[in-house]
Amino acid sequence: MQSAQQPAQSATPTASVDARPAEARDKYRFVGPVYDLLSAFYSGKAIHEAKVAMLDEAHLKAGDSVLFAGVGHGKDAIHAAERGARVTVIDLSETMLRKFDDELVKQGKTHLDIRRVQADIFKFEEFAQYDMVVGNFFLNVFSEDMMDRVLKQLIDLAKEDGKIVVGDFALPQGNILRRQFQKAYWYVAVSLFWLTAGNALHNIYDYPAAMRRAGLEIKSIKRFSFAGLANYWSILGDKAAVAPAAKQAA
Ligand SMILES: C[S@@+](CC[C@H](N)C(=O)[O-])C[C@H]1O[C@@H](n2cnc3c(N)ncnc32)[C@H](O)[C@@H]1O
(Lines give C-alpha, C1' and ligand atoms only; values in the text may rest on other atoms or scores of the structure.)
Protein backbone atom coordinates (compact mmCIF):
# COMPACT_ATOMS: atom_id res chain seq x y z
CA MET A 1 0.00 0.00 0.00
CA GLN A 2 1.15 3.51 -0.53
CA SER A 3 -0.37 6.86 0.30
CA ALA A 4 -0.15 10.12 -1.59
CA GLN A 5 -1.18 13.76 -1.47
CA GLN A 6 -1.97 15.05 1.97
CA PRO A 7 -4.59 17.81 2.00
CA ALA A 8 -3.12 21.20 2.94
CA GLN A 9 -3.14 22.01 6.63
CA SER A 10 -2.81 25.60 7.80
CA ALA A 11 -3.52 25.44 11.56
CA THR A 12 -1.07 27.43 13.67
CA PRO A 13 0.39 25.63 16.71
CA THR A 14 -1.02 28.23 19.11
CA ALA A 15 -4.57 28.36 17.72
CA SER A 16 -7.18 27.14 20.20
CA VAL A 17 -9.75 26.47 17.47
CA ASP A 18 -9.38 24.48 14.27
CA ALA A 19 -8.15 27.22 11.95
CA ARG A 20 -7.84 25.09 8.84
CA PRO A 21 -10.06 25.92 5.86
CA ALA A 22 -13.34 23.95 5.92
CA GLU A 23 -12.26 21.70 3.03
CA ALA A 24 -9.13 20.63 4.91
CA ARG A 25 -10.96 19.49 8.06
CA ASP A 26 -11.72 15.83 8.51
CA LYS A 27 -15.50 15.93 8.45
CA TYR A 28 -15.75 12.24 9.30
CA ARG A 29 -13.61 12.35 12.44
CA PHE A 30 -16.61 11.79 14.73
CA VAL A 31 -18.92 9.57 12.69
CA GLY A 32 -16.17 7.88 10.61
CA PRO A 33 -15.07 5.35 13.25
CA VAL A 34 -18.62 3.93 13.55
CA TYR A 35 -19.71 4.44 9.92
CA ASP A 36 -19.89 0.76 8.90
CA LEU A 37 -21.46 -0.23 12.22
CA LEU A 38 -24.21 2.36 11.72
CA SER A 39 -24.73 1.21 8.16
CA ALA A 40 -25.15 -2.44 9.24
CA PHE A 41 -27.55 -1.42 12.01
CA TYR A 42 -29.51 0.76 9.61
CA SER A 43 -29.72 -1.59 6.61
CA GLY A 44 -28.77 -5.13 7.62
CA LYS A 45 -26.80 -6.45 4.65
CA ALA A 46 -28.54 -4.34 2.01
CA ILE A 47 -25.99 -1.50 1.82
CA HIS A 48 -23.08 -3.92 1.56
CA GLU A 49 -24.90 -5.95 -1.12
CA ALA A 50 -25.50 -2.78 -3.14
CA LYS A 51 -21.82 -1.83 -2.82
CA VAL A 52 -20.49 -5.10 -4.24
CA ALA A 53 -23.33 -5.75 -6.70
CA MET A 54 -21.38 -4.85 -9.85
CA LEU A 55 -18.05 -6.31 -8.72
CA ASP A 56 -19.03 -9.69 -10.14
CA GLU A 57 -17.74 -11.84 -12.97
CA ALA A 58 -20.01 -10.17 -15.49
CA HIS A 59 -18.47 -6.73 -14.94
CA LEU A 60 -15.05 -7.08 -13.32
CA LYS A 61 -12.11 -9.08 -14.67
CA ALA A 62 -8.83 -9.95 -12.92
CA GLY A 63 -6.29 -7.26 -13.80
CA ASP A 64 -8.87 -4.49 -14.28
CA SER A 65 -7.86 -1.16 -12.75
CA VAL A 66 -10.56 0.03 -10.39
CA LEU A 67 -10.84 3.31 -8.51
CA PHE A 68 -13.02 3.60 -5.39
CA ALA A 69 -13.92 7.26 -4.84
CA GLY A 70 -14.72 8.23 -1.24
CA VAL A 71 -13.87 4.68 -0.21
CA GLY A 72 -14.71 4.88 3.51
CA HIS A 73 -14.02 1.61 5.34
CA GLY A 74 -13.70 -0.04 1.93
CA LYS A 75 -15.02 -3.61 2.24
CA ASP A 76 -16.10 -3.23 -1.42
CA ALA A 77 -12.57 -2.25 -2.48
CA ILE A 78 -11.09 -5.22 -0.60
CA HIS A 79 -13.62 -7.48 -2.33
CA ALA A 80 -12.53 -6.16 -5.76
CA ALA A 81 -8.84 -6.64 -4.92
CA GLU A 82 -9.55 -10.21 -3.81
CA ARG A 83 -11.14 -10.81 -7.20
CA GLY A 84 -7.83 -9.80 -8.79
CA ALA A 85 -8.49 -6.16 -9.64
CA ARG A 86 -5.72 -3.58 -9.37
CA VAL A 87 -7.35 -1.28 -6.84
CA THR A 88 -6.79 2.38 -5.98
CA VAL A 89 -8.80 3.91 -3.16
CA ILE A 90 -9.15 7.62 -2.54
CA ASP A 91 -10.69 9.49 0.36
CA LEU A 92 -10.33 12.96 1.79
CA SER A 93 -10.80 11.76 5.35
CA GLU A 94 -7.83 10.49 7.33
CA THR A 95 -10.25 8.86 9.78
CA MET A 96 -11.91 6.88 7.00
CA LEU A 97 -8.59 5.78 5.53
CA ARG A 98 -7.43 4.67 8.98
CA LYS A 99 -10.60 2.57 9.24
CA PHE A 100 -9.81 1.18 5.78
CA ASP A 101 -6.36 0.12 7.05
CA ASP A 102 -7.98 -1.43 10.15
CA GLU A 103 -10.37 -3.37 7.91
CA LEU A 104 -7.46 -4.81 5.92
CA VAL A 105 -5.77 -5.92 9.13
CA LYS A 106 -9.03 -7.31 10.58
CA GLN A 107 -9.67 -9.37 7.44
CA GLY A 108 -5.99 -10.47 7.25
CA LYS A 109 -5.73 -8.93 3.77
CA THR A 110 -2.74 -6.60 4.15
CA HIS A 111 -0.97 -8.55 1.38
CA LEU A 112 -3.48 -7.26 -1.21
CA ASP A 113 -2.06 -4.77 -3.69
CA ILE A 114 -4.19 -1.72 -2.94
CA ARG A 115 -2.99 1.81 -3.58
CA ARG A 116 -4.27 4.28 -1.03
CA VAL A 117 -4.58 8.02 -1.75
CA GLN A 118 -5.65 10.75 0.65
CA ALA A 119 -6.92 13.59 -1.52
CA ASP A 120 -9.89 15.54 -2.75
CA ILE A 121 -11.40 13.80 -5.77
CA PHE A 122 -11.13 17.07 -7.75
CA LYS A 123 -7.37 17.15 -7.19
CA PHE A 124 -6.92 13.58 -8.40
CA GLU A 125 -5.97 13.86 -12.06
CA GLU A 126 -5.31 10.31 -13.28
CA PHE A 127 -7.66 10.86 -16.19
CA ALA A 128 -8.70 8.00 -18.50
CA GLN A 129 -6.77 5.46 -16.40
CA TYR A 130 -9.46 3.23 -14.89
CA ASP A 131 -11.51 0.34 -16.28
CA MET A 132 -14.06 0.96 -13.56
CA VAL A 133 -14.71 3.91 -11.26
CA VAL A 134 -16.90 3.20 -8.25
CA GLY A 135 -18.75 5.86 -6.26
CA ASN A 136 -20.59 3.99 -3.52
CA PHE A 137 -22.65 6.24 -1.24
CA PHE A 138 -20.33 9.04 -2.37
CA LEU A 139 -22.45 11.25 -4.63
CA ASN A 140 -25.14 11.72 -1.97
CA VAL A 141 -22.62 13.71 0.10
CA PHE A 142 -22.86 16.65 -2.30
CA SER A 143 -25.45 19.28 -3.29
CA GLU A 144 -27.07 18.54 -6.67
CA ASP A 145 -24.90 20.94 -8.74
CA MET A 146 -21.78 19.63 -7.10
CA MET A 147 -22.96 16.03 -7.52
CA ASP A 148 -23.11 16.56 -11.30
CA ARG A 149 -19.55 17.93 -11.23
CA VAL A 150 -18.26 15.04 -9.13
CA LEU A 151 -19.96 12.55 -11.45
CA LYS A 152 -18.27 14.22 -14.43
CA GLN A 153 -14.92 13.94 -12.64
CA LEU A 154 -15.52 10.20 -12.05
CA ILE A 155 -16.35 9.76 -15.74
CA ASP A 156 -13.17 11.63 -16.75
CA LEU A 157 -11.09 9.28 -14.57
CA ALA A 158 -12.47 6.23 -16.42
CA LYS A 159 -10.95 4.95 -19.67
CA GLU A 160 -12.75 5.65 -22.95
CA ASP A 161 -14.56 2.30 -22.68
CA GLY A 162 -14.67 2.29 -18.87
CA LYS A 163 -17.57 1.72 -16.51
CA ILE A 164 -18.99 3.95 -13.78
CA VAL A 165 -20.72 2.29 -10.84
CA VAL A 166 -22.94 4.20 -8.43
CA GLY A 167 -24.35 2.42 -5.38
CA ASP A 168 -26.67 4.56 -3.29
CA PHE A 169 -30.18 5.22 -1.96
CA ALA A 170 -32.79 4.37 -4.58
CA LEU A 171 -35.63 6.56 -5.74
CA PRO A 172 -38.79 5.65 -3.83
CA GLN A 173 -41.15 3.32 -5.67
CA GLY A 174 -44.49 1.56 -5.04
CA ASN A 175 -47.66 3.01 -3.52
CA ILE A 176 -47.75 6.36 -1.74
CA LEU A 177 -47.32 4.80 1.71
CA ARG A 178 -44.21 2.87 0.65
CA ARG A 179 -42.77 5.96 -1.04
CA GLN A 180 -43.34 8.07 2.10
CA PHE A 181 -41.66 5.41 4.28
CA GLN A 182 -38.71 5.29 1.92
CA LYS A 183 -38.36 9.09 1.99
CA ALA A 184 -38.58 9.18 5.79
CA TYR A 185 -35.95 6.42 5.98
CA TRP A 186 -33.63 8.46 3.74
CA TYR A 187 -34.14 11.63 5.80
CA VAL A 188 -33.02 9.82 8.97
CA ALA A 189 -29.66 9.08 7.29
CA VAL A 190 -29.15 12.36 5.45
CA SER A 191 -30.02 14.39 8.57
CA LEU A 192 -27.50 12.44 10.66
CA PHE A 193 -24.70 13.07 8.13
CA TRP A 194 -25.77 16.70 7.65
CA LEU A 195 -25.42 17.20 11.40
CA THR A 196 -22.25 15.17 11.99
CA ALA A 197 -20.29 15.56 8.74
CA GLY A 198 -21.77 18.67 7.14
CA ASN A 199 -23.04 16.75 4.10
CA ALA A 200 -25.66 18.39 1.86
CA LEU A 201 -29.32 18.05 2.91
CA HIS A 202 -31.40 17.11 -0.12
CA ASN A 203 -34.00 14.75 -1.57
CA ILE A 204 -32.94 11.34 -2.90
CA TYR A 205 -31.17 11.87 -6.21
CA ASP A 206 -32.24 10.27 -9.48
CA TYR A 207 -28.80 8.80 -10.26
CA PRO A 208 -29.78 7.00 -13.49
CA ALA A 209 -31.06 10.35 -14.82
CA ALA A 210 -27.88 12.15 -13.73
CA MET A 211 -25.74 9.45 -15.35
CA ARG A 212 -27.71 9.66 -18.61
CA ARG A 213 -27.42 13.48 -18.49
CA ALA A 214 -23.65 13.02 -18.27
CA GLY A 215 -23.78 10.87 -21.41
CA LEU A 216 -23.48 7.38 -19.89
CA GLU A 217 -25.51 4.48 -21.15
CA ILE A 218 -27.15 2.62 -18.26
CA LYS A 219 -26.31 -1.06 -18.66
CA SER A 220 -27.62 -2.50 -15.42
CA ILE A 221 -29.58 -1.52 -12.32
CA LYS A 222 -29.89 -3.83 -9.30
CA ARG A 223 -32.10 -3.03 -6.30
CA PHE A 224 -31.65 -4.17 -2.71
CA SER A 225 -34.28 -4.27 0.01
CA PHE A 226 -34.36 -3.72 3.72
CA ALA A 227 -37.53 -4.05 5.83
CA GLY A 228 -39.53 -4.83 2.71
CA LEU A 229 -38.54 -1.61 0.94
CA ALA A 230 -36.22 -1.48 -2.08
CA ASN A 231 -34.14 1.28 -0.51
CA TYR A 232 -30.86 0.81 -2.36
CA TRP A 233 -29.62 0.32 -5.86
CA SER A 234 -26.43 -0.14 -7.80
CA ILE A 235 -26.27 1.37 -11.26
CA LEU A 236 -23.70 0.56 -13.91
CA GLY A 237 -23.08 3.11 -16.65
CA ASP A 238 -20.97 2.59 -19.77
CA LYS A 239 -18.69 5.41 -20.85
CA ALA A 240 -18.17 4.07 -24.38
CA ALA A 241 -21.56 5.53 -25.19
CA VAL A 242 -20.64 9.11 -24.17
CA ALA A 243 -21.56 11.22 -27.20
CA PRO A 244 -18.61 12.75 -29.08
CA ALA A 245 -19.99 16.26 -28.44
CA ALA A 246 -20.05 15.63 -24.68
CA LYS A 247 -16.48 14.30 -24.86
CA GLN A 248 -15.29 17.44 -26.64
CA ALA A 249 -16.97 19.69 -24.07
CA ALA A 250 -15.28 17.72 -21.25
C1 LIG B 1 -20.95 8.61 2.85
S2 LIG B 1 -19.28 8.16 2.89
C3 LIG B 1 -19.26 6.70 1.88
C4 LIG B 1 -18.10 5.80 2.17
C5 LIG B 1 -18.05 4.48 1.38
N6 LIG B 1 -17.93 4.66 -0.05
C7 LIG B 1 -19.21 3.59 1.68
O8 LIG B 1 -19.98 3.28 0.77
O9 LIG B 1 -19.36 3.22 2.84
C10 LIG B 1 -18.55 9.36 1.81
C11 LIG B 1 -17.04 9.31 1.77
O12 LIG B 1 -16.58 10.25 0.82
C13 LIG B 1 -15.45 10.94 1.33
N14 LIG B 1 -15.37 12.25 0.65
C15 LIG B 1 -16.21 13.30 0.80
N16 LIG B 1 -15.84 14.31 -0.01
C17 LIG B 1 -14.74 13.89 -0.68
C18 LIG B 1 -13.91 14.47 -1.66
N19 LIG B 1 -14.14 15.72 -2.11
N20 LIG B 1 -12.88 13.76 -2.16
C21 LIG B 1 -12.64 12.50 -1.70
N22 LIG B 1 -13.41 11.90 -0.77
C23 LIG B 1 -14.44 12.57 -0.25
C24 LIG B 1 -15.71 11.02 2.81
O25 LIG B 1 -14.54 11.25 3.55
C26 LIG B 1 -16.36 9.68 3.09
O27 LIG B 1 -15.42 8.70 3.40
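1. Strand 5 and strand 7 (residues 229–238) run antiparallel and are joined by seven bridges. One of the pairings sets Lys163 against Asp238, its bridge partner in strand 7. The model is predicted, and the points below should be read with that in mind.

2. Strand 5 (residues 158–169) also pairs with strand 4 (residues 130–136); here the strands are parallel and the bridges number six. Within the pairing, Val133 stands opposite Ile164. The connection from strand 4 to strand 5 passes through helix 5 (residues 144–157), giving a right-handed β-α-β crossover.

3. For the chain as a whole, the secondary structure amounts to eight helices and seven strands. Of its 250 residues, 48% are buried. Contacts between residues at least 6 apart in sequence join residues at least 24 apart in 70% of cases. The exposed area is about 12,300 Å², with 55% of it supplied by carbon and sulfur atoms.

4. Two backbone values deserve a look. Most residues other than glycine have a negative phi. Phe137 has a positive phi, near 50°, and is located in the loop between strand 4 and helix 5. Ala227 has a positive phi too, near 55°; this residue is in the loop between strand 6 (217–226) and strand 7.

5. Are these two residues buried or exposed? Phe137 has a relative accessible area of 9%, so it counts as buried, the cut-off being under 20%. Ala227 has a relative accessible area of 66% and is therefore exposed, the cut-off being over 50%.

6. The structure contains 16 aromatic pairs. In one of them, Tyr185 and Phe226, the ring centres are 6.3 Å apart and the planes meet at 35°, so the pair is tilted. Because Tyr185 belongs to helix 6 (residues 176–197) and Phe226 to strand 6, this pair ties together parts 41 residues apart in sequence. Tyr185 is buried, at 14% relative accessible area, whereas Phe226 is partly exposed, at 28%.

7. Both rings of that pair belong to a cluster linked by ring pairs, made up of Tyr42, Phe137, Phe169, Tyr185, Trp186, Tyr187, Phe226 and Tyr232. Phe137, noted above for its positive phi, is thus a member of the cluster as well.

8. A separate item concerns a charge and a ring: the charged end of Arg149 sits over the ring of Phe122, at 4.8 Å from the ring centre.

How values were computed: Residues are numbered from 1 along each chain as its sequence is written. This is a predicted model: local features need pLDDT of at least 70, side-chain atom pairs count only at pLDDT 80 or more; totals for chains, interfaces and linings use all residues. Side-chain values use heavy atoms; hydrogens and water are left out. Helices (H or I, at least four residues) and strands (E, at least two) are DSSP runs, numbered from the N terminus. Buried means under 20% relative accessible area, exposed over 50%, partly exposed in between (1.4 Å probe, protein chains only). Contact means heavy atoms within 4.5 Å. Accessible areas come from the Shrake-Rupley method with a 1.4 Å probe; for residues, only the protein chains shown count as cover. Two strands pair if DSSP finds at least two bridges between them. A crossover is right-handed if, with the strands pointing away from the viewer, the path from the first strand over the helix to the second runs clockwise. Rings of Phe, Tyr and Trp (its six-membered ring) pair if their centres lie within 6.5 Å; planes under 30 degrees apart count as stacked, over 60 as edge-to-face and the rest as tilted. A charge sits over a ring if NZ of Lys or CZ of Arg is within 6 Å of the ring centre and within 35 degrees of the ring normal.
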